[in-house]
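This briefing introduces a single protein structure to a reader who has not met it before. Please look over the sequence and the structure before turning to the points below.

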Amino acid sequence: MAATFDKENIRTSICDIVEKNGYECVGVIFAREAHNFYIRVYIDTLGGITVKDCEIVSKSVSRYLDAHDESIPQRYFLEVGSPGLDRPLFSIEDFEKFIGSKAKVRCQTPVEGRKRFKGEILGVNKDTGSIRLSLEETTQEVDIPWASIQKSNLVYEGD
């Protein structure tokens, strides 16, 4: 087992590898599920992601992780894929990029008495570190502090 697990350093290195391969690094998630540890890498590119794209990135990231094996806390599974139609929003910049789109947001702590929101992204206030949503069910507007957000995704509105 590794002495220290520096998630941010590993996340930054993985994103650098993804970008050197010509893709956008949408996000990297470290997850424990049951007795397994996963490193999930979400990539994107104009025109969408193919299985071949995932394979290219997976091989590059695997080489890096193999060379830095001592910094990973345990045996892991690497998954590389597209963020999908319900793309996760990993940063406040992601919200800014998708202003005008619908999103689902789950908070760690209640905001205005609730933890779950769904609505249109109206804007981002980087000074206060919050996002603004127009709630779907009431058209009420709410400011959600970035620090409160546990998980967020775009909402696919297909035909």
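The points that follow are grouped by topic: cores, the helix α1, aromatic and charged side chains, and backbone angles.

The model is predicted, so local features are reported only at pLDDT of at least 70 and side-chain atom pairs only at pLDDT 80 or more, whereas totals for chains, interfaces and linings use all residues. Residues are numbered from 1 along each chain as its sequence is written, and side-chain values use heavy atoms, with hydrogens and water left out.

**Nonpolar cores**

- The largest nonpolar core has 22 residues. A nonpolar core is a set of buried Ala, Val, Leu, Ile, Met, Phe, Trp, Tyr and Cys residues joined through side-chain atoms within 4.5 Å. Buried means under 20% relative accessible area, exposed means over 50%, and partly exposed lies in between, with a 1.4 Å probe and protein chains only.
- The residues with the most contacts inside this core are Ile 14, Val 18, Val 28, Ile 39, Val 41, Ile 43 and Leu 65.
- At least two residues of the core come from each of α1 (7-20), β1 (24-33), β2 (36-44) and α2 (51-67). Helices (H or I, at least four residues) and strands (E, at least two) are DSSP runs, numbered from the N terminus.
- Ile 39 is in contact (heavy atoms within 4.5 Å) with Ile 14, Val 28, Ile 29, Phe 30, Leu 65, Ile 72, Tyr 76, Phe 77, Leu 78 and Glu 79, leaving aside neighbours within four places in sequence.
- Another core, of 17 residues, lies apart from the largest one and includes Phe 98, Ala 103, Cys 107 and Ile 149.
- As a general tendency, nonpolar side chains in soluble globular proteins are buried together.

**Helix α1**

- The end C-alpha atoms of α1 are 20 Å apart, which agrees with the 20 Å that its 14 residues should span at 1.5 Å a residue. The expected span is 1.5 Å times one less than the number of residues in the helix.
- Ile 10, Ser 13, Ile 14, Cys 15, Ile 17 and Val 18 are the buried residues of α1, and what covers them includes β1, β2 and α2.
- Asp 16 also belongs to α1, but counts as partly exposed because its relative accessibility is 39%. The C-alpha atoms of Asp 16 and Ala 67 are separated by 15 Å, with their positions 51 residues apart along the chain.

**Aromatic pairs and a charge over a ring**

- The structure holds 4 aromatic pairs. Rings of Phe, Tyr and Trp (its six-membered ring) pair if their centres lie within 6.5 Å; planes under 30 degrees apart count as stacked, over 60 as edge-to-face and the rest as tilted.
- One of the pairs joins Phe 95 and Trp 146, which are edge-to-face at 5.9 Å centre to centre, with 75 degrees between the planes.
- Phe 95 lies in helix α3 (residues 92-97) and Trp 146 in the loop between β7 (141-145) and β8 (149-154), so this pair ties together parts that are 51 residues apart in sequence.
- Phe 95 counts as buried, at 0% relative accessibility, while Trp 146 counts as partly exposed, at 28%.
- Not counting residues up to four places away in sequence, Phe 95 touches Leu 89, Ala 103, Val 105, Ile 121, Val 124, Ile 131, Trp 146, Ile 149 and Ser 152.
- Arg 40 lies over the face of Tyr 38, at 4.6 Å from the ring centre. A charge sits over a ring if NZ of Lys or CZ of Arg is within 6 Å of the ring centre and within 35 degrees of the ring normal.

**Arg 87 and its polar contacts**

- Arg 87 lies in the loop between β3 (77-81) and α3 and counts as buried, at 6% relative accessibility.
- The side chain of Arg 87 makes a polar contact of 3.0 Å with that of Glu 24 and one of 3.1 Å with that of Asp 44. A polar contact is a pair of N or O atoms within 3.5 Å; within protein, one must be able to donate a hydrogen and the other to accept it, and residues adjacent in sequence count only if both atoms are side-chain atoms.

**Positive phi angles**

- Gly 22, just after α1, takes a positive phi of about 90 degrees.
- Ala 34, in the loop between β1 and β2, has a positive phi of about 55 degrees although it is not a glycine. Ala 34 is exposed, with a relative accessible area of 79%.
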